[in-house]
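The exercises below concern aromatic contacts, pockets and the nonpolar core of one protein chain. Each task is followed by a worked solution.

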Amino acid sequence: MALPHQIATTKPRIILVTVLVWMSGLLFALPLIWMFVSSLRTGTEIFSSLYPLSTDLLIPTRITFENYTALLDSPFALSVFNSIVVTATTILLGLMISAAAAFALSAISFKGNKAIFGIVVLSFLIPFDAIAVPLANQFRDWGMANTYTALIVPGLANGFAIFVLRQFFLGIPKELGEAARIDGLGTIGVFWHIYLPLSRSALIGAGFTLFLFQWGAYLWPLLIATDPSMVLGPVALANLNGQFEVNFGKIFAASVLLTTVPMILLLFFQKYFTASLATSGSKG
């Protein structure tokens with residue numbers, strides 16, 4: 001039981017830590033707030049409040065949505081749609097592949113299991129940029145350039161997603177699978193009816209990993225999707241920089257649109273994502 005003087009000493013510390021946390025959070029949020037406010041201004045008004053500094057920097061006196069309407073009427077809207085299609089397909093197919101691979105590496109004993117898992121770990125330690133150029137040449141030789149298939153396939157078998165799911169599956173008691181087999185379930189039945197229902201947080205964490213890999217991809221779409229109709233969001237954002245004139249209002253508006261989607265998903269699924277990462281190192 002805490003003594004009164006201990007409670008009196010602890011309370012100011014809690015208040016101090018809370019204030020510091022809120023101040024740190026505000027400092028991290030300031031660039032995002034400025035980006036959002038700037039997206040509601042014309043290109044000539046964005047930097048007018050930087051010197052001298054004033055409250056107009058974060059509180060606009062006049063709001064305009066012309067940057068967003070201009071983006072919706074431009075090829076950027078198609079690029080965002082392409083990003084949504086590619087990312088959603090990658091998450092659905094990638095989770096199926098990653099979960100099946102993780103189940104095989106965690107619940108099925110076979111020769112070379114540890115060696116294959118070592119290759120999986122090595123695969124996500126090698127930067128994708130190191131193999132992007134020769135891989136793009138290979139896809140062009142196969143006639144797959146400027147297709148959704150070329151944009152999706154490299155992101156399906158994600159080594160980190162397999163690693164996270166395998167480590168989570170190792171924490172599931174094998175007795176559950178053995179009992180299910182006694183009741184007549186086969187290997188696929190155990191995977192589908194036992195492992196997957198118990199792995200919601202791990203699946204969400206792995207899905208978020210796949211999402212971040214595809215949603216923020218730049219180099220691979222730049223190499224393999226040169227057709228304007230197949231450009232993805234990050235590449236379209238970079239293309240907003242004109243050769244002779246830069247419209248910073250449209251650039252900030254596009255940045256807000258591309259940032260809002262992962263931010264909303266992280267707010268909704270943060271606890272599942274954190275839980276999946278917390279359990280990834282619990283088993284070896």
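**Exercise 1. Determine which helices line the largest pocket, and describe that lining.**

Solution. The model is predicted.

Step 1: α4, α5, α7 (159-170) and α10 each give at least two residues to the lining of the largest pocket. The largest share, three residues, comes from α7.

Step 2: the space in this pocket is about 420 Å³. Its lining has 15 residues, and those closest to the pocket centre are S123, F124, N158, G159 and F213.

Step 3: sorted by class, the lining has 11 nonpolar, four polar and no charged residues.

**Exercise 2. Describe the second largest pocket in the same way.**

Solution.

Step 1: the volume is about 170 Å³.

Step 2: the lining consists of L92, L95, M96, A99, F191, W192, L196 and L203. Two or more of these residues come from each of α3 (76-107) and α9 (187-195). α3 contributes the most, with four residues.

Step 3: the class count is eight nonpolar, no polar and no charged.

**Exercise 3. Classify the ring pair F128 and F213, and locate its two partners in the chain.**

Solution. A pair of aromatic rings is described by the distance of the centres and the angle of the planes.

Step 1: there are 14 aromatic pairs in the structure. For F128 and F213, the centre-to-centre distance is 6.0 Å and the angle between the planes is 85°. Planes over 60 degrees apart count as edge-to-face, and the pair F128 and F213 is edge-to-face.

Step 2: F128 lies in the loop between α4 (113-125) and α5 (129-141), while F213 lies in helix α10 (residues 200-215). With these positions 85 residues apart, the pair links distant parts of the chain.

Step 3: F128 has 22% relative accessibility and is therefore partly exposed. F213, at 30%, is also partly exposed.

Step 4: F128 and F213 belong to one aromatic cluster together with F139, W142 and W220.

**Exercise 4. Classify the ring pair F211 and W215, and decide whether each partner is buried or exposed.**

Solution.

Step 1: the ring centres of F211 and W215 are 5.6 Å apart and the planes meet at 15°, so the pair is stacked. The cut-off behind this step is that planes under 30 degrees apart count as stacked.

Step 2: both residues lie in helix α10, four residues apart, which is about one turn of the helix.

Step 3: buried means under 20% relative accessible area. F211 has 5% and is therefore buried. W215, at 8% relative accessibility, is buried as well.

**Exercise 5. Find the ring over which the charged end of R166 sits, and give the distance.**

Solution. The ring is that of F117, and the charged end of R166 sits 3.7 Å from its centre.

**Exercise 6. Identify the helices that build the largest nonpolar core.**

Solution. In soluble globular proteins, nonpolar side chains tend to be buried together.

Step 1: the largest nonpolar core has 25 residues. A99, F103, L165, F169, V190, Y195 and L203 touch the most other members.

Step 2: at least two residues of this core come from each of α3, α4, α7, α9 and α10. The largest share is that of α7, with seven residues.

Step 3: compare with Exercise 2. A99 and L203 are among the residues that line the second largest pocket, and both are among the core residues that touch the most other members.

Note on methods
Residues numbered from 1 in each chain as written. Predicted model: local features only at pLDDT ≥ 70, side-chain atom pairs only at ≥ 80, totals over all residues. Heavy atoms only, no water. Phe/Tyr/Trp six-rings, centres within 6.5 Å; stacked < 30°, edge-to-face > 60°. Buried < 20%, exposed > 50% of the residue type's maximum accessible area, 1.4 Å probe, protein only. Lys NZ or Arg CZ within 6 Å of the ring centre and 35° of its normal. 1 Å grid on protein atoms, 1.4 Å probe; cavity = no way out; pocket = protein on both sides within 12 Å on 5 of 7 lines; lining within 4 Å. Points joined across faces, edges and corners; volume = space filled by probe spheres on them. Nonpolar A, V, L, I, M, F, W, Y, C, P; charged D, E, K, R; others polar. Core = buried A, V, L, I, M, F, W, Y, C linked by side-chain atoms within 4.5 Å.
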